[in-house]
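Hello,

Here is the structure I promised to pass on to you. Have a look at it first, and then read on for a short tour of what turned up.

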Amino acid sequence: MRRTILAIACILLATPGLAQSVSEKTGVNSVLGVSPSTSDFVKQVAISDMFEIESSKLAQQKGNAAEKTFASQMVTDHTKTSTELKGLVTSGKVKTELPSALDSSHQSKLDKLKGASGNDFSSEFNSMQVSAHKDAVDLFERYAKGGDNADLKNWAGKTLPALKHHLEVAQDLDKKPASTVGEGKK
């Protein structure tokens, strides 16, 4: 019994890096307000940008007028942040690798949007945008406060106001009644 407890304690103490990655994936770091590791932050941002761009391209085709306007801004803004992030990594200022594809969670959300249309598309897209931007604001706030790479920490702080604005606009999309969302401004 004593050996088992000792073995478990050794395993737990030997895996803090692994624990941080698992915690970021499960949301534990967010709940605790812990800053993500640089590599977790870069991975999450890159995947988030890819998802924003791809889901917004769908909204430009399938969405109502308000969603199409929002989606155009998302494609522009998230392409810009992707380019800036890639620049930080390729310059050597941030030492990690960028993912080249969506993770399974984001891919399944994108697949769900691809199969939706009309009000179902609007409901899914709007909900996903609010959720994604809440997560992004939280992620960027935590890294800007406690990240371990000064250049990336500075970039996170400068990017945060735009993400907060995206969240506000996404929440406004979500609040509009389905019957008036597509009518545009009068």
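Before the helix pairs, one definition will help: a helix axis here is a line fitted to C-alpha atoms over the stretch in contact, and the angle between two axes runs from 0 to 180 degrees between their N-to-C directions. Please also keep in mind that this is a predicted model.

**The overall build**

The protein has nine helices and zero strands. Read from the N terminus, the order of elements is therefore easy to remember: α-α-α-α-α-α-α-α-α. The chain counts 186 residues, and 39% of them are classed as buried.

**Two helix pairs**

Start with α4 and α5, whose axes come within 8 Å and cross at roughly 150 degrees. Angles over 145 degrees count as roughly antiparallel, so α4 and α5 are roughly antiparallel to each other. Their crossing is left-handed.

Next, take helix α6, which covers residues 104–115: its axis and that of α7 come within 9 Å and cross at roughly 155 degrees. Because of that angle, α6 is roughly antiparallel to α7. The crossing of α6 and α7 is left-handed.

**The cavity**

How many cavities of 30 Å³ or more does the structure hold? There is one. The space in the largest cavity comes to about 50 Å³. Four elements each give two or more residues to its lining: α4 (38–62), α5 (65–90), α7 (118–146) and α8 (150–175).

If you would like to pick out the lining residues on screen, they are Val 45, Ser 48, Asp 49, His 78, Thr 81, Ala 136, Phe 140, Trp 155, Thr 159 and Leu 163. Sorted by class, the lining of the largest cavity has five nonpolar, four polar and one charged residues.

**One residue in α8**

Asp 172 is also worth a click, and you will find it in helix α8. Is Asp 172 buried, partly exposed or exposed? Buried means under 20% relative accessible area and exposed means over 50%; Asp 172 has a relative accessible area of 43%, so it is partly exposed. Asp 172 can also be paired with Ala 66: the two are 106 residues apart in sequence, while their C-alpha atoms are 9.9 Å apart in space.

Enjoy exploring, and write back whenever you like.

Best wishes

How values were computed
Residues numbered from 1 in each chain as written. Predicted model: local features only at pLDDT ≥ 70, side-chain atom pairs only at ≥ 80, totals over all residues. Heavy atoms only, no water. 1 Å grid on protein atoms, 1.4 Å probe; cavity = no way out; pocket = protein on both sides within 12 Å on 5 of 7 lines; lining within 4 Å. Points joined across faces, edges and corners; volume = space filled by probe spheres on them. Nonpolar A, V, L, I, M, F, W, Y, C, P; charged D, E, K, R; others polar. Buried < 20%, exposed > 50% of the residue type's maximum accessible area, 1.4 Å probe, protein only. Parallel < 35°, antiparallel > 145°, perpendicular 65-115°, else oblique. Left-handed = near helix turned anticlockwise from the far one by under 90°.
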